[in-house]
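User: I am new to this structure. Please take me closely through how its strands pair, and then add what surrounds that part.

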Amino acid sequence: MTTILEGRTLANKIKEPLKQRAYEIYKKIGRRASLIGFGWKGDAAGFYYLNKEVEAARKTGIDADIVLLEESTQPKQLFTLLDAVFSKNTIDAILIAKPLPPQLNGLDIAANINPAQDIDGAGLISMGRLFMCKTWAEIENLKTFIPCCPKAVIRLLEFHKINLEGTKVAVIGRSNTVGSPLAKMLTAKNATVTLCHSKTKNLKEITLNNDIVISAVGKINLIKKDFVKKGTILIDVATVVNEEGKCVGDMDFENLKDFCPISPVPGGVGPVTLACLLENIIISAERKIK
Ligand code: NAP
């Protein structure tokens with residue numbers, strides 16, 4: 001039996017009302033909802049996805065542009081750019097493509113992101129608020145945004161009617177973008193989470209002992225058939241370009257797909273993440289109107 005936990009249907013469902021909502025915003029305030037993305041060409045994958053996000057935003061009826069950072073851009077210069085965007089009442093949303101050049105990855109940058117525009121929940125205030133929540137209801141009531149990729153994982157699991165309460169979940173990868181906030185969200189959903197990383201010993205022992213395995217690393221074939229029990233629910237967050245130029249994830253999809261329910265790459269978490277980002281831009285603009 002093959003169960004593919006695909007994400008395109010859910011993504012389309014999330015995106016479906018957004019064009020109309022974008023049009024309503026335009027009618028009310030006489031300008032489109034707007035997004036500024038910050039990125040640099042040094043990280044080809046991050047820059048590619050930022051361009052895709054900007055393109056998708058434009059197709060939704062959102063004004064979207066990219067501020068190009070250089071490898072030499074200094075924190076002070078980025079603060080000035082962020083301040084300029086913050087002070088413009090006409091910018092509803094910002095998105096910072098990760099990773100930035102090393103000198104721009106510190107806490108100070110996260111501290112300078114205005115929470116009202118922080119549609120990917122990457123700033124200190126948004127992230128801090130998420131981590132202060134114990135329950136999912138508290139998370140849902142936040143006035144700040146939560147990171148889109150982990151939120152997309154939760155939505156994808158729920159869309160496929162996978163109940164998280166009481167399950168054991170292994171999350172592989174502990175970044176601030178995916179793994180750590182995802183572990184927080186799953187815990188709020190009453191799952192019991194083991195958060196794994198590059199220094200985790202006996203990863204296989206952990207994955208064999210969990211009901212759900214979610215991988216966000218970026219290493220092709222990290223999770224093979226002998227790493228999981230039959231029927232373990234597998235969510236592959238990673239996006240890596242293989243030697244043939246194809247986009248793949250961390251999991252050995254071909255050998256796992258008849259053994260476990262599994263999300264594909266592409267077509268799994270990715271489209272849902274993008275849909276959540278677009279939805280948040282619209283929500284941010286609508287909040288301004290209110
Ligand atoms: P990241 O910041 O590089 O984090 C990677 C994580 O993997 C780190 O925590 C690292 O551990 C861990 N790791 C590395 N090697 C490992 C190993 N052998 N075993 C176990 N853990 C290991 O990357 P990220 O930003 O979280 O992104 C992860 C992947 O998800 C990438 O492929 C990215 O393209 C993809 N992604 C997809 C979406 C989407 O919407 N589908 C969104 C965002 C990211 P340490 O902390 O110890 O270094």
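Analyst: Start with one pair of residues: Ser 34 sits opposite Asp 63, a residue of β2. The model is predicted. The pair belongs to a longer match: strand β1, residues 34–40, is joined to β2 by seven bridges, and the two run parallel. In general, the strands of a sheet pair through backbone hydrogen bonds, in a parallel or an antiparallel way.

Now widen the view. β1 and β2 are part of an open sheet of three strands, ordered β2-β1-β3, and the pairing is parallel. The edges are β2 (63–69) and β3 (93–96); each has a single partner strand, so one side of each is left without a neighbour in the sheet. On average, neighbouring strands here are turned by 20 degrees against each other, direction ignored. A helix packs on this sheet: α3, residues 44–60, touches β1, β2 and β3. The direction of α3 makes about 160 degrees with that of β2.

There is another sheet to follow. It is open, has four strands in the order β5-β4-β6-β7, and pairs in parallel. Its edges are β5 (192–196) and β7 (233–236); since each has a single partner strand, one side of each has no neighbour in the sheet. Neighbouring strands in this sheet are turned by 15 degrees on average, again with direction ignored.

Look at one edge. β6 (residues 212–215) pairs with β7 in the parallel sense, over four bridges. Within that pairing, Ser 215 has Asp 236 of β7 as its bridge partner. Helix α9, residues 179–188, packs on this sheet and touches β4 (168–172), β5 and β6. Its direction makes about 170 degrees with that of β5.

Finally, the ligand. It has 18 residues around it, and those that come nearest are Arg 174, Ser 175, Ser 198, Thr 239 and Thr 273. By class, this shell holds eight nonpolar, eight polar and two charged residues.

Some polar atoms can be paired up. A side-chain N or O atom of Arg 174 is 2.7 Å from an oxygen atom of the ligand. For Ser 198, a side-chain N or O atom is 2.6 Å from a ligand oxygen. Lys 219 has a polar side-chain atom 3.2 Å from a nitrogen atom of the ligand. How much of the ligand's area does the protein cover? On its own, the ligand has 930 Å² of accessible area, and the protein covers 69% of that.

Definitions and conventions
Residues numbered from 1 in each chain as written. Predicted model: local features only at pLDDT ≥ 70, side-chain atom pairs only at ≥ 80, totals over all residues. Heavy atoms only, no water. Near = heavy atom within 4 Å. Polar contact = N/O pair within 3.5 Å; in protein donor to acceptor, adjacent residues only side chain to side chain. Areas by Shrake-Rupley, 256 points an atom, 1.4 Å probe, with all protein chains shown as cover. Nonpolar A, V, L, I, M, F, W, Y, C, P; charged D, E, K, R; others polar. Pairing = 2+ DSSP bridges. Axes fitted to C-alpha atoms, helices over the stretch in contact; angles between N-to-C directions. Contact = heavy atoms within 4.5 Å.
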